[in-house]
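This report covers the salt bridges of one model and the surroundings of one tyrosine. The sequence and structure come before the account.

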Amino acid sequence: MSLQIEDVNVYMVHNKAHIPKNLEDIDLIVFGHSHKYLEKEEDGMVYLNPGSCGPRRIDQEITMAMLTIDGKEISIQKILIPHEEKKSRKTKIAEKKK
């Protein structure tokens, strides 16, 4: 899916593996699938995976992103969502024995 916000051309796709090779005039690519936060600039394009703000997966952070576009300027703020650390099964069993 392609769209324009102010002067920024955005391409959105669920899986990074499905990003087309030829994306002329695209400034920002937003994708997901891995649920792992990523923000990088490569070949004149900004790549953003805002992560996941749903239930925690494995040991990944719970994140989302606030994207601000002003003309051609792109500003991204990573937002970390606090969560309880997962306890291992052994830790839970040891706590029950106390």
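In this predicted model, the side chains of Lys-72 and Asp-27 form a salt bridge, with an N to O distance of 3.0 Å. Lys-72 belongs to the loop between β6 (63-70) and β7 (73-80), and Asp-27 to the loop between β2 (8-12) and β3 (28-30), so the salt bridge ties together parts that are 45 residues apart in sequence. The two partners can also be described by their accessibility. Lys-72 is exposed, its relative accessible area being 52%; this value is over the 50% cut-off, which means that the label applies. Asp-27 has a relative accessibility of 15% and counts as buried, because buried means under 20%.

The structure holds three salt bridges. They are listed below.

| Lys partner | Acidic partner | N to O distance |
|---|---|---|
| Lys-72 | Asp-27 | 3.0 Å |
| Lys-40 | Glu-42 | 3.0 Å |
| Lys-78 | Glu-61 | 2.9 Å |

Lys-78 pairs with Glu-61, and the closest N and O atoms of the two are 2.9 Å apart. Since Lys-78 lies in strand β7 and Glu-61 in the loop between β5 (45-49) and β6, this salt bridge ties together parts that are 17 residues apart in sequence. Lys-78 counts as partly exposed at 36% relative accessibility. Glu-61 is partly exposed as well, with a relative accessible area of 39%.

The remaining pair is Glu-42 and Lys-40, whose side chains meet in a salt bridge at 3.0 Å, N to O. Glu-42 is partly exposed, at 35% relative accessibility. Lys-40 is also partly exposed, at 30%.

Which residues does Tyr-47 contact, leaving aside its neighbours within four places in sequence? They are Ile-19, Ile-29, Phe-31, Leu-38, Glu-39, Lys-40 and Glu-42. Among them are Lys-40 and Glu-42, the two partners of a salt bridge described above.

Tyr-47 itself is found in strand β5. The residue is buried, with a relative accessible area of 10%, whereas its contacts Lys-40 and Glu-42 are partly exposed. A further distance relates Tyr-47 to Lys-16: their C-alpha atoms are separated by 9.5 Å, and the two residues are 31 residues apart along the chain.

Methods: Residues numbered from 1 in each chain as written. Predicted model: local features only at pLDDT ≥ 70, side-chain atom pairs only at ≥ 80, totals over all residues. Heavy atoms only, no water. Salt bridge = Lys/Arg side-chain N within 4 Å of Asp/Glu carboxyl O. Helix = DSSP H or I, 4+ residues; strand = E, 2+ residues; numbered from the N terminus. Buried < 20%, exposed > 50% of the residue type's maximum accessible area, 1.4 Å probe, protein only. Contact = heavy atoms within 4.5 Å.
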